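I opened this notebook to record what I looked up around the ligand, in the helix packing and along the backbone. The entries follow the order in which I went through them.

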Amino acid sequence: MTGAQLVLKVLQQHGIKHVFGYPGGAIMPIYDAFYDSDLKHFLCRHEQGAAFSAVGYARSTNGVGVCMATSGPGATNLVTGLADALLDSIPVVAITGQVFSSLMGTDAFQEVDVLGMSLAVTKHSFLVEDINDLAKILHEAFELAQSGRPGPVLVDIPKDIQIGQVDFEPYPIPTRVLPEFNLADVEAAKALIQQAKNPVAYIGGGVGMADAVDELNEFLQATQIPAVSTLKGLGTIAPDYPYYTGMIGMHGTKASNLAVQECDLLICIGARFDDRVTGKLDTFAPNAKVIHLDIDVAEFGKLRQPDVAIKGDFKQLIPALKTKVDITPWQAKISALNVEHAWRYDAPGEGVFAPALLNELSQRLPTNHVVSCDVGQHQMWVAQHMSFTSPYNHLSSGGAGTMGFGLPVAIGAQIARPNTTSVVVTGDGSFMMNIQELGTIKRFNLPIKIVLLDNQRLGMVKQWQELFFEERYSETNLSDNPDFVALARAFDLTAKTIHSKFEVSDAITQMLETDGPYLLHVVIDDKENVWPLVAPGKANHEMIEG
Amino acid sequence: MIRHRFNIVAKQQPATVERVLRVVRHRGFILQSVNVSSSDKAQVEIELTVSGERPIETLQTQLDKLYDIAHLELISADTAAQAASIRA
Ligand SMILES: Cc1ncc(C[n+]2csc(CCOP(=O)(O)OP(=O)(O)O)c2C)c(N)n1
């Protein structure tokens, strides 16, 4: 068979059923192979859309997503999605066509040094130089994307390799060897947990990625240790766990930030002390000893020195940490913090209060739902006011904070989980960044529900201008937005605008009961800000409120 | 500035050396010298001297994650460097 046919066969060997991409000259042999393959290709309307759909596919299933692009501009358009996947450790395999090997290095038509370009945005990348290495490299790409700390892997395939002849061989997927952890370290960690008076578990995205959500909740149930979540960890801790205080960090809850500032032991599980979490680093959890659990040892001591660090697979490691604690006064304090700082949804006026709308939407979504969002104020409101029972149901661009994430990620999730209600919460700025993907929704008639919170502003940037730049609103006014309803209708979406909080309930009903894709365009006040907030450079206990 | 030396054995792959150098720069170290030699087609040896203020473990663990690197050894660091890494 040809190299191109082999590529599709190997994808199928790895259980891939759907691929997102966009064709072009240097990848035409592979697109030709799709023509009579039962591997389904989804044409996106921009390679960035394809990369993000692969991210959505991966995140919503905790599996691998695959995207494809041609050489040159096709490959460069993938970069933002790959960077996003790298910072959030998402397993994506990207396949790019490259010009003929003989033309590489001659500035040939649509030639970009994709291998060179990929170095900063992938976990690893390959250039295939010999057709006899093609299958092996693809297998390695899948293994690398998923093993250890997951991440994006790119395979660049010159056109001559795609059209060359090669034999196809069966490939037994090797069973993954999990790292063994050190029992003495586990004992040391347990001793710290037993001694602690005010312990807090700080839960990141790594728990879900290790498929250890149940193990984590069993650990919490057994110990009743208070727990906070990062943005990417949301959905991991059961929402009804009594000592769960919500998200930590810049826009975290007061209860979470105060709990962590006061704790004497921080048990960090699959998180990485990101600056949006810690605030001013040297004031973060100032009295705490630290236990750091991760699959990636490079995270240990990168920002905060741990007292005990254990590399391991969470499915085995977390249960091994179960131990008895006696922390009744601390639990009482956490419960009091939760009561004192509970969210309030009563807002003056008739306008739509976005946090209240999202809270109602969250309560009314069917259990099997997935919510993706874009980046900005609306993203933080989703994190604060919607509740999730699985980390695979909350898809948010954490490390990279990439506007334009929401729509294509929802497309990937909807295709991966066709029986799921897939909702995008977006802002009027972000929506326009991958608006072309409405074409993908139309093409495949995907029943995605879009909630567009329109404040006619680049709201989050505007909020910072208001607070930290003397209200000098430079380039954040979007009052010349297009007619979003007309735009959506042009792509065959049902669409409706609401202005008042009295319209919210009916609008949610109508949206959820409509069979096909739907845009709910919600006009909100441009002065609404995200609270509470830890100002840049401040400590987490110095949260301010509007 | 504290100097550190690494001895690296890596797979001979397109971009192996570039990857190593990129990580050195990105993680906040300055390249003082580099010597690349290849005894056979499959393998490349890289001797690297870098300097920087950050804990060398940061660079060591990041380099160690590179897929092409088969063996990485931090072979010498002056006393100041050792003191810093003990503190870190
Ligand atoms: C690709 C990209 N460009 C720029 C930014 C910087 N940025 C962060 S939030 C934001 C405003 C987002 O506006 P909108 O989507 O309308 O959401 P809102 O904050 O109003 O809810 C901008 C420009 C970003 N995160 N990503």
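**Ligand shell**

I began with the polar contacts, and in this predicted model I found a polar side-chain atom of A:Asn455 at 2.9 Å from an oxygen atom of the ligand. I then looked up A:Ser430, where a polar side-chain atom lies 2.6 Å from an oxygen atom of the ligand, and A:Asp428, where the corresponding distance from a polar side-chain atom to a ligand oxygen is 3.3 Å. For the cover I noted that, of the 590 Å² of accessible area that the ligand has on its own, the protein covers 77%.

Next I asked which elements give two or more residues to the shell around the ligand. I listed three helices of chain A, namely H17 (377–385), H19 (428–431) and H21 (459–468). The ligand has 17 residues around it, and I wrote down A:Gln377, A:Gly401, A:Gly429, A:Ser430 and A:Gly459 as those that come nearest. Sorting the shell by residue class, I obtained nine polar, six nonpolar and two charged residues.

**Helix packing**

Two packed helices are described by the angle between their axes and the distance between the axes, and I looked up both values for two pairs.

In chain B, I took helix H1 (residues 16–26) and helix H2 (residues 56–64), which pack at an angle of about 150° with their axes 10 Å apart. Angles over 145 degrees count as roughly antiparallel, and I therefore entered H1(B) and H2(B) as roughly antiparallel to each other. I also noted that H1(B) passes H2(B) in a right-handed crossing.

In chain A, I took helix H16 (residues 354–364) and helix H23 (residues 504–513), whose axes come within 11 Å and cross at roughly 40°. I therefore entered H16(A) and H23(A) as oblique to each other, and their crossing as right-handed.

**Backbone checks**

I kept in mind that most residues other than glycine have a negative phi, and that most peptide bonds are trans.

Against the first point, I recorded that A:Glu470 has a positive phi of about 50° although it is not a glycine; this residue, A:Glu470, lies in the loop between H21 and helix H22 (484–490) of chain A. Against the second, I recorded that the peptide bond from A:Trp531 to A:Pro532 is cis, with omega near -10°, and I located A:Pro532 in the segment after strand S18 (518–523) of chain A.

Methods: Residues numbered from 1 in each chain as written. Chains lettered and ligands numbered in written order. Predicted model: local features only at pLDDT ≥ 70, side-chain atom pairs only at ≥ 80, totals over all residues. Heavy atoms only, no water. Near = heavy atom within 4 Å. Polar contact = N/O pair within 3.5 Å; in protein donor to acceptor, adjacent residues only side chain to side chain. Areas by Shrake-Rupley, 256 points an atom, 1.4 Å probe, with all protein chains shown as cover. Helix = DSSP H or I, 4+ residues; strand = E, 2+ residues; numbered from the N terminus. Nonpolar A, V, L, I, M, F, W, Y, C, P; charged D, E, K, R; others polar. Axes fitted to C-alpha atoms, helices over the stretch in contact; angles between N-to-C directions. Parallel < 35°, antiparallel > 145°, perpendicular 65-115°, else oblique. Left-handed = near helix turned anticlockwise from the far one by under 90°.
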